[in-house]
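Reader: I'd love a close look at one part of this structure, with its surroundings explained step by step. Could you walk me through it?

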Amino acid sequence: MSWQAVGSSFALVAASEMGDKTQLLAFSLAGRFRRPWTVMAGILVATVANHSLASTAGVWIAARLSPRLMAGILAATFVLFGLWTLRPDTLDERKGPARGGPFLTTVVLFFLAEMGDKTQLATVALAARYHSFLTVTCGTTAGMLLADGLAVALGDRLAARVQGRWLRVGAASLFFVFGALSAWKAWRG
């Protein structure tokens with residue numbers, strides 16, 4: 001297992017998840033159901049399923065492209081994710097009864113909210129970069145659990161003390177660093 005892939009995946013996703021719509025969803029679900037461990041279990045199941053699909057796609061793509069082309073694509077992708085991260089997310093909360101209980105509601109809503117989200121697409125890019133399904137899925141899942149666990153556990157106390165703008169700038173900076181490293185790799189061949 002490549003600890004660099006796990007650590008990079010963890011750091012990038014944990015930072016980029018701060019202030020993301022799925023973190024807002026985690027906060028909302030925890031407040032709505034008042035069952036933090038059930039919500040966290042739902043987040044875990046949804047994230048493992050979603051990021052497993054994303055990592056599989058990333059490894060599949062990397063196996064079919066030349067390393068230089070892949071590095072160039074990743075450079076552009078990470079820079080675009082950095083720019084995307086600078087834009088704050090919002091959560092369109094829909095009130096209504098939860099049909100499947102807290103666990104199933106969390107799994108379904110979280111899985112769907114993560115589809116096409118920057119953390120899912122970053123997981124594809126990370127898996128393509130590291131050519132590793134397992135290490136990237138482990139790292140990104142752990143990063144999601146940390147960020148969303150903070151939302152579930154601390155809620156508005158965290159939001160009141162840390163400005164979302166600085167979290168977005170930090171996360172965008174990580175994407176830009178990954179983009180620069182990939183661009184360097186593409187340029188060197």
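Author: Leaving aside residues up to four places away in sequence, Ala 46 touches Val 107, Phe 110 and Phe 111. This is a predicted model, so please read every value here as computed from that prediction. Ala 46 itself sits in helix α3, which covers residues 36–64. With a relative accessibility of 2%, Ala 46 counts as buried, because the cut-off for buried is under 20%. There is a long-range link here too: Glu 114 is 68 residues away from Ala 46 along the chain, yet their C-alpha atoms are separated by 8.6 Å.

Now to the surface. Val 45, Phe 103, Leu 104, Val 108, Leu 112 and Met 115 make a nonpolar surface patch of about 520 Å². Helix α5, residues 101–114, gives the most to this patch, with four residues. Met 115, another member of the patch, lies in the loop between α5 and α6 (118–130). At 42% relative accessibility, Met 115 counts as partly exposed.

For a separate spot to view, turn to the aromatic rings: the structure holds one aromatic pair. Its members are Trp 184 and Trp 187, tilted, with 5.3 Å centre to centre and 35° between the planes. Both belong to helix α9 (residues 164–188), where being three residues apart means they are separated by about one helical turn. Trp 184 counts as partly exposed at 48% relative accessibility, while Trp 187, at 61%, counts as exposed.

Conventions
Residues are numbered from 1 along each chain as its sequence is written. This is a predicted model: local features need pLDDT of at least 70, side-chain atom pairs count only at pLDDT 80 or more; totals for chains, interfaces and linings use all residues. Side-chain values use heavy atoms; hydrogens and water are left out. Rings of Phe, Tyr and Trp (its six-membered ring) pair if their centres lie within 6.5 Å; planes under 30 degrees apart count as stacked, over 60 as edge-to-face and the rest as tilted. Helices (H or I, at least four residues) and strands (E, at least two) are DSSP runs, numbered from the N terminus. Buried means under 20% relative accessible area, exposed over 50%, partly exposed in between (1.4 Å probe, protein chains only). Contact means heavy atoms within 4.5 Å. Patches are made of residues with over 30% relative accessible area and no salt bridge: like charges are joined within 9 Å, nonpolar side chains (Val, Leu, Ile, Met, Phe, Trp, Tyr) within 5 Å. Accessible areas come from the Shrake-Rupley method with a 1.4 Å probe; for residues, only the protein chains shown count as cover. A salt bridge is a side-chain nitrogen of Lys or Arg within 4 Å of a carboxyl oxygen of Asp or Glu.
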